[in-house]
Amino acid sequence: MRVGVHINRFDHPAGGPALGAELAAAGAAAEAAGVSWLSVMDHYFQMEFNGGAENPMLEAYTTLGFLAARTETVRIGALVTGVTYRHPGLLAKIATTLDVLSGGRATLGVGAAWYDREHEGLGVPFPPLAERFERLEETLRICLQMWDPEENGPFEGRHYRLAETLCVPAPVSSPHPEIMIGGSGEKKTLRLVARHADACNLFATSPEEVSHKLDVLRGHCDTEGRDYDEIRKTVTYSADPSDEGDLEAFTRNITGYAKLGIDTVILAPRIGAPAEWIEHFAAPAVQRLAGLD
């Protein structure tokens with residue numbers, strides 16, 4: 001099992017001027033530790049559980065571009081891109097640019113979006129849930145069409161119409177950047193994973209709950225004619241594991257997920273200065289979890 005790190009707070013003790021150096025240090029620490037994945041949240045406002053909208057939040061893809069320039073091996077992405085935040089043609093171009101400039105290390109993590117306050121606060125339309133899922137599926141189709149070297153013609157959907165689906169330069173990743181769909185909805189989200197995604201991201205609620213979600217995904221794969229084993233399975237471990245006491249306890253908690261075929265557990269430090277946390281906790285966790293299967 002591999003370890004990822006999800007940077008979700010930007011309240012550095014020294015404030016905004018310290019964030020560039022801290023993120024660069026976090027990237028270096030992640031690669032030195034053998035972390036396989038480095039992500040940030042895609043939100044305009046900070047989450048309530050991290051102090052609320054008045055607390056610092058950086059724009060995701062600008063931050064990922066910064067991290068790409070300061071790393072060489074770790075895979076990078078947003079966890080997860082809100083489908084309402086960017087027009088899908090622009091999103092495909094942004095993800096492609098990140099992939100090209102990172103040397104093929106970009107993942108397009110994407111979901112249906114949910115945080116109404118930030119939409120209303122910045123004047124971004126926030127359609128009803130059913131429509132957001134319709135837009136999510138069209139966005140996935142548009143990205144895949146833009147990444148198809150044989151297809152640069154129009155796209156006609158219910159919500160989006162593109163006259164040309166040009167994407168030059170093409171992604172470095174082959175056949176295209178990894179698509180990771182975040183969420184565990186059984187009727188829509190996991191069906192979209194089976195139909196379009198290369199990876200999924202679930203919450204590490206319990207091994208029993210994740211096992212059930214994976215069974216649902218397997219059923220959707222059977223319906224879609226998709227090989228279940230082709231899909232990379234990841235979980236986000238929402239609690240800060242360094243608060244749980246020791247590495248032994250954390251490893252015991254993760255063992256049940258490893259037995260389900262989870263490829264990567266993504267850890268989320270609850271501090272605004274994550275570089276030291278990565279060095280002191282994530283690095284030994286990488287070594288410990290590498291032996292789980």
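In this predicted model, helix α7 buries the residues V210, K213, L214, V216, L217, H220 and C221. Around the helix axis these residues cover an arc of only 155 degrees, which places them on the same side of α7. The spacing follows a general rule: an α-helix has 3.6 residues a turn, so residues three or four places apart point the same way.

The helix itself comprises residues 207-224, 18 residues in total. From its first C-alpha to its last, α7 reaches 25 Å, close to the 26 Å expected at 1.5 Å a residue. Just after the helix, G225 adopts a positive phi of about 70 degrees.

The two faces of α7 may be considered in turn. Its buried residues pack against two helices, α6 (189-196) and α8 (247-258), and against two strands, β9 (199-203) and β10 (232-237). The face turned away from this buried side carries E208, D222 and T223, which are exposed.

A second site of interest is S39, a residue of strand β2 (residues 37-40). S39 is buried, its relative accessible area being 0%; the cut-off for a buried residue is under 20%. Within this setting, the side chain of S39 makes a polar contact with the side chain of H6, at 2.8 Å. When neighbours within four places in sequence are left aside, the residues in contact with S39 are V5, H6, I7, G77, L79 and I266. H6 thus appears both in this list and as the side-chain polar partner of S39.

Technical notes:
Residues numbered from 1 in each chain as written. Predicted model: local features only at pLDDT ≥ 70, side-chain atom pairs only at ≥ 80, totals over all residues. Heavy atoms only, no water. Helix = DSSP H or I, 4+ residues; strand = E, 2+ residues; numbered from the N terminus. Expected span 1.5 Å × (residues − 1). Buried < 20%, exposed > 50% of the residue type's maximum accessible area, 1.4 Å probe, protein only. Arc of directions from axis to C-beta. Contact = heavy atoms within 4.5 Å. Polar contact = N/O pair within 3.5 Å; in protein donor to acceptor, adjacent residues only side chain to side chain.
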